[in-house]
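Welcome to a short set of exercises with worked solutions. Keep the viewer open and try each task before you read on.

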Amino acid sequence: MTMKGKSLISITDYTKDEYLKILETAAGFEANPNQKLLSDKVVASLFFEPSTRTRLSFETAANRLGARVIGFSDSGSTSVQKGETLKDTIIMVSSYADIIVMRHPREGAARWASEVSSVPVINAGDGANQHPTQCMLDLYTILQTQRTLNNLNIAMVGDLKYGRTVHSLVQAMCNFNATFHLVSPQELKLPSVTKMHIKDANLKYEQYTELADVIPFADIIYMTRIQKERFSDPIEYEKVKNSYVLTKAMLEGCKPNMKILHPLPRVNEISEDVDTTKQAYYFKQAENGVYVRQALLATILGAK
Amino acid sequence: MDKETRELKVTAIENGTVIDHIPANNVFKVIRILNLENNNHQVLFGDNLDSEKYGKKGIIKVSNTFFAPDEINKIALVAPTATLIVIRNFKVVEKTKVEVPDEIIKIVKCFNPGCITNHENITTRFKVIDKAEMKLKCHYCEKSIARNNIIFA
Ligand SMILES: [Zn+2]
């Protein structure tokens with residue numbers, strides 16, 4: 001198993017064993033974050049659309065490893081705006097840097113970049129398609145809070161139709177004998193393609209419209225934001241917008257090991273009084289993103 | 001003389017390929033996929049002909065041209081029922097059915113407007129994820145495409 005030089009575009013690019021290896025390496029970085037393993041490396045951070053959270057997480061990871069970072073945080077100020085193709089940008093940057101981290105508004109942009117680049121590419125989000133490092137930090141966080149990835153009851157809440165983090169996480173957890181509890185309004189149910197992944201893995205899922213129904217038995221509650229623009233009928237949005245909000249009072253009777261995750265940013269779907277409960281884990285989850293990205297950078301660049 | 005021989009005879013070719021049992025109205029798509037517009041050999045075709053099996057069908061005859069399996073299997077997208085007949089010296093020497101390929105390269109355009117292939121000059125690639133249903137999956141944006149959403153480039 002060698003991940004050296006291997007691009008990470010889609011969660012299916014890595015095997016289960018490769019994931020587990022990355023999670024193990026990430027734990028080492030959590031214990032000891034400052035390791036100058038990449039002091040002779042240049043990491044290109046190309047954000048063709050802004051995503052402050054993801055960019056800061058990657059750049060922190062690169063800095064903690066001693067690498068130097070080049071790039072841009074918004075393509076508005078680059079040659080891209082002057083009409084340069086993605087292909088040309090990538091060919092040029094891959095002659096400067098040792099690895100490319102990229103975010104792009106078009107689906108498939110990262111795959112295409114990995115095919116024209118002479119250095120490995122890490123996909124930091126390509127439109128509505130993939131965001132594999134988010135999925136890996138979710139796995140890391142689940143493992144950290146439950147001490148296992150196996151046989152868990154995972155509740156996914158909110159926008160299950162468009163939320164790409166939800167689709168990737170469901171797909172990844174299909175490797176670990178999970179049972180899925182899917183809580184969403186009618187209009188935002190999990191797509192049938194993703195339900196097929198669950199069926200193909202011979203696992204079970206149940207669909208709910210009430211968040212309260214899953215709280216007593218969930219090991220993980222994965223909250224997502226419901227966006228108004230996803231609804232064809234604004235009245236439907238008004239009806240559901242406050243029914244998928246988690247409050248401290250609702251947590252009574254939950255399992256002692258239960259933790260609440262959220263890919264962030266949240267709007268109102270987790271009330272602030274939850275932040276101080278021992279179930280709240282979403283800020284730690286974001287922190288974990290740095291360790292997982294350190295593990296990926298170090299592994300792909302052959303330093304781990 | 002049976003019907004098939006008669007039909008072949010009317011516009012018989014000495015050497016070449018006959019593509020028979022093309023679904024009616026898909027003849028031009030097949031011509032485009034096989035790039036027969038730029039073929040210098042004789043090309044004869046008919047559409048909406050009576051067929052016992054399919055009601056109406058199309059047929060194409062190309063002189064002095066023989067197709068590699070990879071090439072001919074591309075037409076499976078529009079003509080999954082097609083039969084390929086190889087003619088040498090006015091005789092049928094080989095008869096095969098088209099087979100749905102594992103991958104479709106170039107001839108299909110991704111139906112997802114947000115797909116990078118619709119914004120840069122990229123050769124499209126699709127995996128055939130369900131051969132019976134002719135369901136494709138874009139190699140780039142990873143979206144699945146049902147048969148009725150397939151757009152030809
Ligand atoms: Zn596509």
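How many salt bridges are counted between chain A and chain B?

**Before you start**

This is a predicted model, in which local features need pLDDT of at least 70 and side-chain atom pairs count only at pLDDT 80 or more, while totals for chains, interfaces and linings use all residues. Residues are numbered from 1 along each chain as its sequence is written, chains are lettered from A and ligands numbered from 1 in the order in which they are written, and side-chain values use heavy atoms, with hydrogens and water left out.

**Exercise 1. Answer the opening question and find one of the pairs.**

Step 1: Set the criterion. A salt bridge is a side-chain nitrogen of Lys or Arg within 4 Å of a carboxyl oxygen of Asp or Glu.

Step 2: Apply it between the chains. The count between chain A and chain B is two.

Step 3: Go to B:Arg125 and A:Glu115. Their side chains meet in a salt bridge, at 4.0 Å from N to O.

Step 4: Add the polar contacts. There are 11 residue pairs of this kind between chain A and chain B, both residues being at pLDDT 80 or more. A polar contact is a pair of N or O atoms within 3.5 Å; within protein, one must be able to donate a hydrogen and the other to accept it, and residues adjacent in sequence count only if both atoms are side-chain atoms.

**Exercise 2. Describe the side of chain A that touches chain B.**

Step 1: Count the residues. With contact meaning heavy atoms within 4.5 Å, 14 residues of chain A are in contact with 14 residues of chain B.

Step 2: Give the area. About 1200 Å² is buried between chain A and chain B, and carbon and sulfur atoms give 47% of it. Buried area is the accessible area (1.4 Å probe) that two parts lose on being put together, summed over both.

Step 3: Find the main contributors. In chain A, the residues that lose the most area to chain B are A:Arg106, A:Glu107 and A:Trp112, together 48% of what that side buries.

**Exercise 3. Lay out the sheet in chain A that contains S1 to S4.**

Step 1: Fix the terms. Helices (H or I, at least four residues) and strands (E, at least two) are DSSP runs, numbered from the N terminus, and two strands pair if DSSP finds at least two bridges between them.

Step 2: Read the order. Four strands of chain A form an open sheet, S2-S1-S3-S4, with parallel pairing.

Step 3: Explain the edges. Strand S2 (68–72) and strand S4 (121–126) of chain A each have a single partner strand, so one side of each is left without a neighbour in the sheet.

Step 4: Check one pairing. Strand S3 (residues 99–104) of chain A runs parallel to S4(A), joined by four bridges. A:Met102 stands opposite A:Asn123 in S4(A).

Step 5: Place the helix. Helix H2 (residues 52–64) of chain A lies across strand S1 (42–47), S2, S3 and S4 of chain A, at about 175° to S1(A). Axes here are lines fitted to C-alpha atoms, for helices over the stretch in contact, and angles run from 0 to 180 degrees between N-to-C directions.

Step 6: Look inside that helix. A:Arg55 and A:Glu59 both lie in helix H2 of chain A, four residues apart, about one turn of the helix. They form a salt bridge, with the closest N and O atoms 3.4 Å apart.

**Exercise 4. Trace the antiparallel sheet in chain B.**

Step 1: Read the order. Four strands of chain B form an open sheet, S6-S8-S9-S10, with antiparallel pairing. Strand S6 (103–105) and strand S10 (144–145) of chain B are the edge strands, each pairing on one side only.

Step 2: Follow S6(B). Three bridges pair S6(B) with strand S8 (residues 125–130) of chain B in the antiparallel sense. B:Ile105 has B:Arg125 in S8(B) as its bridge partner.

Step 3: Find the hairpin. S8(B) and S9(B) form one with four residues between them, and B:Met134 in the turn has a positive phi of about 55°.
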